[in-house]
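I opened this notebook to record what I looked up, entry by entry. The sequence and the structure come before the notes.

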Amino acid sequence: MNLTYTPEQNAFRAEVRAWLAAHVPARPLPSFDATREGFEAHRAWERTLAEGRWGMVTWPQEYGGRGVDLLQWLIFEEEYYRAGAPGRVNQNGIFLLGPTLMEFGTPEQKARFLPAMANGDEIWAQAWSEPQAGSDLAGVRATATRDGDHYVLNGLKTWSSRAAFADWAFGLFRSEAGSQRHQGLTLVLFPLNAPGVTVKPIARIDGKVGFAEIFLDNVRVPADQRLGDEGQGWHICMVTAGFERGLMLRSPARYQVAAARLAALYRREGDPDDAVTRAAVAQAWMDAEAYALSIYATASRILAGQPIGPETSTNKIFWSELDVTLNRTALSILGARAELLPDPAAPDPTGDWLDDYIFSLAGPIYAGSNEIQRNIIAERMLGLPR
Amino acid sequence: MDFTLTDEQKMLADVVAKLLDDHCPPAALRQLMTDGAPRDADRWGAIVETGLVPVLVPAEQDGLGLGELDFALIAQACGRAALPEPLVDHAGIALPLLAACAPAHPLLAEALSGAATLAIGHPLNPLVADADTAAALLLVHEGDLHLVPRDQVTLTRRPSIDPFRRLFDVAWKPSGTTRIASAATAAGPLADAIDRGALFAAAQCLGLAQCCVDLAVAYAKDRTQFGKPIGSYQAIKHHLASVQVKIEFARPVLHAAATRFPDRDTRSRAAISHAKLVAAEAADLAARTAIQVHGAMGYSWEVDIHFFLKRALALTYVWGTPAFHQARVERRVLAGPLGPDQTFLPDHPRQNEGQHA
């Protein structure tokens, strides 16, 4: 156990910090889930990142990355959140599909998709859930029917984050007629502007269009847009879900920065005699620290050659629950002003806490609901019967 | 930066776990109760034989010179077994305190060998544990540290709900001959004693929390109701998964806090307090959940979980109450600086920093 950074790691941090200081937009970009304009502003930021080769530092050099290890990735993320840099509009691509393509894609697929993903030319949405296949994802009904050198896609995908404005989606389809559950599923990549695709935005509880329904009506896609083997879809999705629940979806820095902002808010506006809120502020900091320490431990284990296990399910529960309580604590400091919407004209950004709180309520649901995660922990970590 | 245990540390943890599996199963706990003996001489002998007593004493004082993380792994195993013998208090807290304050004291060699044990009465703890079996007591008077032979104190037993905790009120008279360190000399080592006490209480809590989960899982696989093992029901699964989440996010906090003990600053002390708080919460939740999963059996004397519930209760309040540790964390949080680049920094430059390339 050595909890000090190496000179190389410190130098890497300094390099990231300097680049971000010179490039992060002075004013926050408009939300990528509210308008096309906000979405495109974030696409432009992805291009800026790619030009500096900071888009996805863990990727190999040949795809625009820097080939750094997980500890350097954590350092990058720490600096990224410290700098208040924009949210990653292509996170479905770079954090989920990207690593999946590297593991299962053909050389041609990697060359075709990774550079365009890296430089923001193609922003990705995930098309897994269906009205009848949510937590029970193996209930997928949408079909990919082989027709010569094409697949024909039919069905309905839903709760697809970013799909309202995204360019491509990676979807899970039933490719074998009559197959049951986890069998006969295949992963297919398809453009959201293909003939037969209709995207219908769904308004979230905050009114933004963060996700959408995707209607597929005889959508023809070339067979070489299949990722992995036919029938291998479930296995690939579970590997991808491991990335999602594990290290990549929510880096600890996000919560550490939020906890620091929360403490600053309490120092500025909190009641010094309010021991309940002060305790909650300290708890938020402890939770963010605990999450960071746990991720450093996991990253170190992976670097030492051990596999990432079902503990990724404990991560997802922990960060999603801490996010809710952290943001609720901020609202309790704001008191009667908590309900005020963000006002770009007002100098006091109190409304950001409200936005973050409302968004945090989705955390226990997406990326596999926390109920499903608890089943996974009970069955795979503790060995309880199904 | 490497947040993993060394092979030696993993081996140490395995050795102690195996030792206590062999020498301290629940049946042995019950036997000790039946015998009414303060401790099991054979078990203490095996612990001494394994070399667990001199772990924290510096090598130049004939100790092993290992660190707080190493001892935390030992304490974790002690918690998992609800060990009655005072290994943690003696070897983890009292012995390094004596070695720091009175390196030439004649009792040190005997204490190092495990032939004699020391009890410690720290102002944070109103009662002294295992005073009746100790050769001498480390006691504090107006900040000065005293080492008082047991035959010079008057002990009054105060029964604990934990049948294996032997607590005493201690009446004693400080004198020039008992004083081993002035307040100025003892202040630092006594602060270390708080940090070690809190760290190793946290470690025991973590160990016993996992034991409670393991006992409950075993029962839930075995016990059938409505034609199925109760462990197949989500109500049971989710209870136990929630406990496991608490354990998973207390462990790295404990291991980091133990590693950072030598910093002895606001940050490292907040880290230790963080560990104490979350480990005690994990232990409390684990014990109560394990009882719930066992149903009425869990509330019976016959099932072993109550031993762990009681130990968790005791450990929650020794070496600083939750309020004490919460206040240390709050001071650190309100003082700042906070943020993701601050997690591993000390308040002052570390020696040898930058030599890890």
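The entries below go from domains, to annotations, to contacts between chains.

**Entry 1: model and domains**

I noted at the start that this is a predicted model. I then looked up the domain assignment of chain A. It gives domain 1 at 7-89, domain 2 at 124-232 and domain 3 at 250-381.

**Entry 2: domain 1 against domain 3, chain A**

I took the C-alpha centres of domain 1 of chain A and domain 3 of chain A, and they are 21 Å apart. Next I listed the contacts. Domain 1 of chain A puts in 10 residues and domain 3 of chain A puts in 11.

How much area do domain 1 and domain 3 of chain A bury between them? I found about 980 Å², with 75% of it on carbon and sulfur atoms. On the side of domain 1 of chain A that touches domain 3 of chain A, I sorted the residues into six nonpolar, no polar and four charged.

I also looked for salt bridges between domain 1 and domain 3 of chain A, and the count is zero. Polar contacts do turn up between domain 1 and domain 3 of chain A: two residue pairs, both at pLDDT 80 or more.

**Entry 3: UniProt annotations**

I checked the records next. An unreviewed UniProt entry places "domain: Acyl-CoA dehydrogenase/oxidase N-terminal" at residues 6-121 of chain A. I computed 62% helix and 0% strand for residues 6-121 of chain A, with end C-alpha atoms 36 Å apart.

For residues 125-219 of chain A, UniProt (unreviewed entry) gives "domain: Acyl-CoA oxidase/dehydrogenase middle". Here I read 0% helix and 52% strand, and the end C-alpha atoms of residues 125-219 of chain A are 17 Å apart.

In chain B, I looked up residues 194-333, which UniProt (unreviewed entry) lists as "domain: Acyl-CoA dehydrogenase/oxidase C-terminal". Residues 194-333 of chain B are 78% helix and 3% strand, and the end C-alpha atoms lie 20 Å apart.

**Entry 4: chain B against chain A**

I moved on to the interface of the two chains. In contact are 51 residues of chain B and 55 residues of chain A. Chain B and chain A bury about 4,900 Å² between them, and carbon and sulfur atoms give 70% of that area.

Which three residues supply the most of the area that chain B buries against chain A? I found B:Met1, B:Phe249 and B:Pro340, with 17%.

I counted four salt bridges between chain B and chain A. I looked at A:Arg82 and B:Asp341, whose side chains form a salt bridge at 3.4 Å, N to O. Polar contacts across the interface of chain B and chain A come to 18 residue pairs, both residues at pLDDT 80 or more.

I then asked which elements give two or more residues to the side of chain B that touches chain A. They are α7 (183-222), α8 (234-259), α9 (266-294) and α11 (322-335) of chain B. α8(B) gives the most, with 15 residues. I sorted that side of chain B into 23 nonpolar, 17 polar and 11 charged residues.

**Entry 5: salt bridges overall**

Over all chains I get 44 salt bridges. I picked out A:Arg66 and A:Glu15, whose side chains meet at 3.5 Å, N to O.

Which parts of chain A does the pair of A:Arg66 and A:Glu15 tie together? A:Arg66 sits in the loop between α2 (36-51) and α3 (70-82) of chain A, and A:Glu15 sits in helix α1 (residues 7-23) of chain A, so the pair links parts 51 residues apart in sequence.

Note on methods: Residues are numbered from 1 along each chain as its sequence is written. Chains are lettered from A and ligands numbered from 1 in the order in which they are written. Side-chain values use heavy atoms; hydrogens and water are left out. Domain bounds come from an automatic or database domain assignment. Contact means heavy atoms within 4.5 Å. Buried area is the accessible area (1.4 Å probe) that two parts lose on being put together, summed over both. A polar contact is a pair of N or O atoms within 3.5 Å; within protein, one must be able to donate a hydrogen and the other to accept it, and residues adjacent in sequence count only if both atoms are side-chain atoms. Ala, Val, Leu, Ile, Met, Phe, Trp, Tyr, Cys and Pro count as nonpolar, Asp, Glu, Lys and Arg as charged, and the others, Gly among them, as polar. UniProt positions are given in the numbering used here, feature names are shortened, and annotations may be inferred rather than shown by experiment. Helices (H or I, at least four residues) and strands (E, at least two) are DSSP runs, numbered from the N terminus.
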